[in-house]
Amino acid sequence: MDHTADGHEPVVREEEAIQHPLGIYFKIWILLFVLSAMSYAVDYYQVQGYMRWFLILFFMVLKAGLIIAVFMHMVWERLAMVYFILVPPALLLTLVAIGSLEADWTFFQRGVYFLKELVIAAPASPHH
Amino acid sequence: MSTETMASDSLELKPGIAGFFDDWSSDQRAFKGVPWGKAMMWIFLVSDTFIFGCFLASYMTVRMSTLEPWPSSSEVFALSFGGAPIPLILIAIMTFVLITSSGTMALAVNYGYRKNKWVTFWLLFATAILGATFVGMQVFEWSKLIFEEGVRPWGNPMGAAQFGSVFFMVTGFHGFHVSIGVIFLFIFSYKVARGHLDDQTPGWFTKRGGNYEEIEILGLYWHFVDLVWVFIFAFFYLW
């Protein structure tokens, strides 16, 4: 069966509307609202430290997962497409790892050189 | 050609991981039962993921390496409605507007497949208006930062200079995506209302016949824009 959209083919996927009842969209919609409100609450109540990071990432992953899975219909796709979409972006974690190594090194170097200049520029500081 | 060979492609598709290997090792096409436009939209979205991924990874790198204190987004994006300033409220409202538009878009796709022309039209139109509202609020946010707070891509009075460059680059690129989405939402509202998708009227640019699958493809783009905002909200505004 040819699925290339050549413009003369009738819509063949009417069964899809039956597969996805409207209820699931409303449920996900409400969940997204609740999760957004909760991630805003993290800032509003000024949760700090590791707890802040955990909550921010937790709500982010849940929201992203719900949007991709249901709104973007990923749960109804075949694995051939699911893997093609989800696996390559995992490479970005490599970039994040390289970036954080680089950033730590830069931060260290700036600390050594910029702060040293500040100390030399102000030798008469009462603390020394 | 015998019909058997022609039909071999549409033989029972295997589910699960066996289906994955079957699809990827098959002739001609790996994405079975997926309209061409939808597969192409996903390829575009994966590439766009890398663009935003690179932006966010670079943002992490510059933020971790600066000695200057990073401006507090909670205070920078606070607004006061007569009383005390409410932290980050502008961004919270923008988030809710975008999520609402994602919901109306998801429903538009569903009603499109039911061939319910007018409900699809109104839902698409509502999505476009909500998207335009988001862009409008972003214009307000940018003007406030540029004219009142004095934020520039090369510096700002609140702290690390990188704050401005990251802010304008990341939210600017996202806002650009939203704006393009709003334009296409208006175009497709028009096409739906005029019955172009029911009558399979050829589009002026692609010359391919209209079809309600296009609403799903447009929906993928729109949800992706919302998805990117989820990450920007977490990493830029809440960090």
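Here's a short chat about two helices of chain A and the contact with chain B.

The model is predicted, so local features need pLDDT of at least 70 and side-chain atom pairs 80 or more, while totals for chains, interfaces and linings use all residues. Residues are numbered from 1 along each chain as its sequence is written, with chains lettered from A and ligands numbered from 1 in the order in which they are written.

Reader: How far apart are the end C-alpha atoms of helix 2 of chain A?
Author: Helices here are DSSP runs of H or I, at least four residues, numbered from the N terminus. Helix 2 of chain A covers residues 22–44, 23 residues in all. The expected span is 1.5 Å times one less than the number of residues, so it should be 33 Å, and the end C-alpha atoms agree at 33 Å.

Reader: Which helices of chain B do the buried residues of helix 3 of chain A pack against?
Author: Buried means 20 or more other C-beta atoms within 10 Å of a residue's own, with C-beta atoms placed from the backbone. In helix 3 of chain A that includes A:Ile56, A:Phe59 and A:Lys63. Contact means C-beta atoms within 7 Å. Besides helix 2 of chain A, these buried residues pack against chain B's helix 5 and helix 8.

Reader: Which helix of chain A gives the most to the side that touches chain B?
Author: The contact takes 53 residues from chain A and 56 residues from chain B. Helix 1 (15–19), helix 2, helix 3, helix 4 (79–86) and helix 5 (92–121) of chain A each supply at least two residues of chain A's side. With 13 residues, the one giving the most is helix 5.

Key. Buried ≥ 20, exposed ≤ 12 C-beta atoms within 10 Å, placed from the backbone. Contact = placed C-beta atoms within 7 Å.
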